[in-house]
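I opened the notebook to look up a few things in this structure. The entries below are kept short.

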Amino acid sequence: MIKKRGSVLTLSGTPTNQTLLDAFVEMYRLAISELPRDVVEGLETGLKKETSTRAKGVLRMMLENIELVCDNTKPLCQDTGVPIMYVHYNAADYSQLQLKKLLEQATKRATKEVPLRDNALDILKEKSVGNHPIIHFEETTGKTRVELLLKGGGSENVSKVYKLPDLEVGAERDLAGIEQCIVDAVVKAQGRGCPPYIVAATVSSNIADATASAKELHIQKITSKNSEPKLAALEKRALKRINDLGIGPMGVGGNTTALAVKCSANYVHPASWFVGISVGCWSMRRVTLVLP
Amino acid sequence: MATIHITTPPTKEDIMRVKAGDEVLFSGRVLTVRDKAHRWLLKTDFKPMHNAVVYHCGPMFEKKGKEYTIIAAGPTTSARVNHYTPQLIEKYNIRAIIGKGGMDEGVRKALIKQGIYCAAIGGASVVYASHIVKVLNVYKTEFGMTDAIWELEVKDFPVVCMMDTKGSSLFQKVEKASTTIYKKQ
């Protein structure tokens, strides 16, 4: 049996491959059609604070769209994104191989049944293969859970990596430099990635780690507080600066350009500081599935 | 800001009276055109494209028997086809483009005394699908269903004009103003 509480699904009973597959398909169905409550509230707060008439119209239509799909039968956006999964598995209950196989099978089924748009294209065979999830595994001692993000192409296309120092951007190797990269990425993105954005940033010694860690920050609620006070302060400053830019929802002008900024700091190498910026669109589709 | 109803194919007079900032409600025939289709359209002569309203969109659909129904059809990022667009406008006498996120200086110039660029709201797919009355045709399905050219009949399809025939661009204004603020921060 699957219980739903907001954007968290919980499967109970003795799991079989069949009930797991069904639960994974349900996870997709919920993700494409219902935004997490914190994101919806972020948009509602944006609308209340917004001063531009045009921007208010845009935010209202976004909320209308959310309202229209509330019966979970239609996708919020025709770009159902690339499925990115973070699987925290308890090895006493599940194996990585088993979960990987089932998640790939469920993705095939969901593509037909939910449905999802064909978003995995094989450029060599010049054909679509449906959808293919990007899965990250990490062992846990707690309950097994799958965090699913559906990340659309528009916001992915405006995501970026900076190598510090970046003199053109005016970013030195310090916290102020990271903040500068975050704001710069939004200035360069303008309205192309569907703002209001959720901007995530990670500094790391390594490009791949910087971008992957930044993306993983999107599984957090936009209201979650950074436990590191220096980063919490940076997020607050960057968010204010972004919303002072006047880009507004969909770039039409206004003061609702971002709903949140998320930042984390991994270790850097004495010679290498990379800042990965993962820009999320307003349609931040995220679901957590907890397994028995 | 006025609200202007336009029935397709739009005439030059229809388009000339739309100003950047106006709400435009399109009714009639609209063709979805994405990256692959742009490349192809510039190499060939595709009759249905002449005088068409271009929609940057890769819709989601349902197929029952031979009938297609659109279930989600928001705009895709227009900037990806900036480099094809001035030629497309000239070759096919395009008077209206619908997309999201704005287009570049080359497109702004190509639209002067010719056409308008209108913004739809990214992610508001179901709202837009509700303004699509019928799928008239699907061409070039070998590009994939997302990249195919969908000929759609729309009714009061709601967008905002962001670039007009006088060369005014609201996106460009926002970009300039935001860059100035950023430099002062």
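The entries that follow go from the interface to the cores, then to single residues and salt bridges.

**Entry 1: the model**

I noted at the start that this is a predicted model. I kept that in mind for every value below.

**Entry 2: the contact between the chains**

I first looked up how much area is buried between chain B and chain A. The two chains bury about 3,100 Å² between them, and 62% of it is on carbon and sulfur atoms. I wrote down that the size of an interface is often given as the accessible area lost when the parts come together. I then asked which three residues supply the most of the area that chain B buries against chain A. They are B:Met60, B:Val126 and B:Tyr182, with 21% of that area.

The contact takes 39 residues from chain A and 38 residues from chain B. I looked for salt bridges between chain B and chain A and found a count of zero. Polar contacts do occur across this interface: there are 15 residue pairs, with both residues at pLDDT 80 or more.

Next I looked up the elements of chain B that give two or more residues to the side touching chain A. They are strand E5 (67–72), helix H5 (125–129), strand E9 (149–163) and helix H6 (170–184). Of these, H6(B) gives the most, with eight residues. I sorted the residues on that side of chain B by kind: 22 are nonpolar, twelve are polar and four are charged.

**Entry 3: the nonpolar cores**

I looked up the largest nonpolar core, which has 85 residues. The residues with the most contacts inside this core are A:Leu43, B:Phe26, B:Met49, B:Ile98 and B:Phe157. Strand E9(B) gives the largest share of this core, nine residues.

I picked B:Ile98 and asked what it is in contact with, leaving aside its neighbours within four places in sequence. Its partners include B:Phe26, B:Val53, B:Tyr55, B:Cys118, B:Phe157 and B:Val159.

There is also a second, separate core of 32 residues. I noted A:Leu164, A:Ala171, A:Ala185 and A:Leu231 among its members.

**Entry 4: helix H6 of chain A and its partners**

I moved to helix H6 (residues 175–189) of chain A, where A:Glu179 is found. I asked whether A:Glu179 is buried or exposed. A:Glu179 counts as buried because its relative accessibility is 7%, and the cut-off for buried is under 20%. Leaving aside neighbours within four places in sequence, A:Glu179 is in contact with A:Leu234, A:Arg237, A:Ala238 and A:Arg241.

A:Ile182 also has its place in helix H6 of chain A. At 0% relative accessibility, A:Ile182 counts as buried. With neighbours within four places left aside, the contacts of A:Ile182 include A:Val199, A:Leu234, A:Ala238, A:Ile242 and A:Ile277. I also checked a distance: A:Ile182 and A:Pro133 are 49 residues apart in sequence, and their C-alpha atoms are 27 Å apart in space.

A:Arg237, one of the contacts of A:Glu179, lies in helix H8 (residues 229–244) of chain A. A:Arg237 is partly exposed, with a relative accessible area of 41%. Its C-alpha atom is separated by 26 Å from that of A:Arg286, 49 residues away along the chain.

**Entry 5: salt bridges**

I looked up how many salt bridges the structure holds over all chains. The count is 24.

In chain A, the side chains of A:Glu113 and A:Arg109 meet in a salt bridge at 3.0 Å, N to O. Both residues lie in helix H4 (residues 96–113) of chain A, four residues apart, about one turn of the helix. A:Glu113 is partly exposed at 40% relative accessible area, and A:Arg109 is partly exposed at 26%. A:Asp22, A:Arg109 and A:Glu113 are linked in a network of salt bridges.

A:Glu147 forms a salt bridge with A:Arg145, with the closest N and O atoms 2.9 Å apart. A:Glu147 counts as buried at 8% relative accessibility, whereas A:Arg145 counts as partly exposed at 28%.

In chain B, I looked up the salt bridge between B:Arg34 and B:Asp147 (3.4 Å, N to O). This pair links distant parts of the chain, 113 residues apart. B:Arg34 is in the loop between strand E2 (23–32) and helix H2 (35–43), and B:Asp147 is in the loop between strand E8 (132–139) and E9. Both B:Arg34 and B:Asp147 are buried.

Terms used:
Residues are numbered from 1 along each chain as its sequence is written. Chains are lettered from A and ligands numbered from 1 in the order in which they are written. This is a predicted model: local features need pLDDT of at least 70, side-chain atom pairs count only at pLDDT 80 or more; totals for chains, interfaces and linings use all residues. Side-chain values use heavy atoms; hydrogens and water are left out. Contact means heavy atoms within 4.5 Å. Buried area is the accessible area (1.4 Å probe) that two parts lose on being put together, summed over both. A salt bridge is a side-chain nitrogen of Lys or Arg within 4 Å of a carboxyl oxygen of Asp or Glu. A polar contact is a pair of N or O atoms within 3.5 Å; within protein, one must be able to donate a hydrogen and the other to accept it, and residues adjacent in sequence count only if both atoms are side-chain atoms. Ala, Val, Leu, Ile, Met, Phe, Trp, Tyr, Cys and Pro count as nonpolar, Asp, Glu, Lys and Arg as charged, and the others, Gly among them, as polar. A nonpolar core is a set of buried Ala, Val, Leu, Ile, Met, Phe, Trp, Tyr and Cys residues joined through side-chain atoms within 4.5 Å. Buried means under 20% relative accessible area, exposed over 50%, partly exposed in between (1.4 Å probe, protein chains only).
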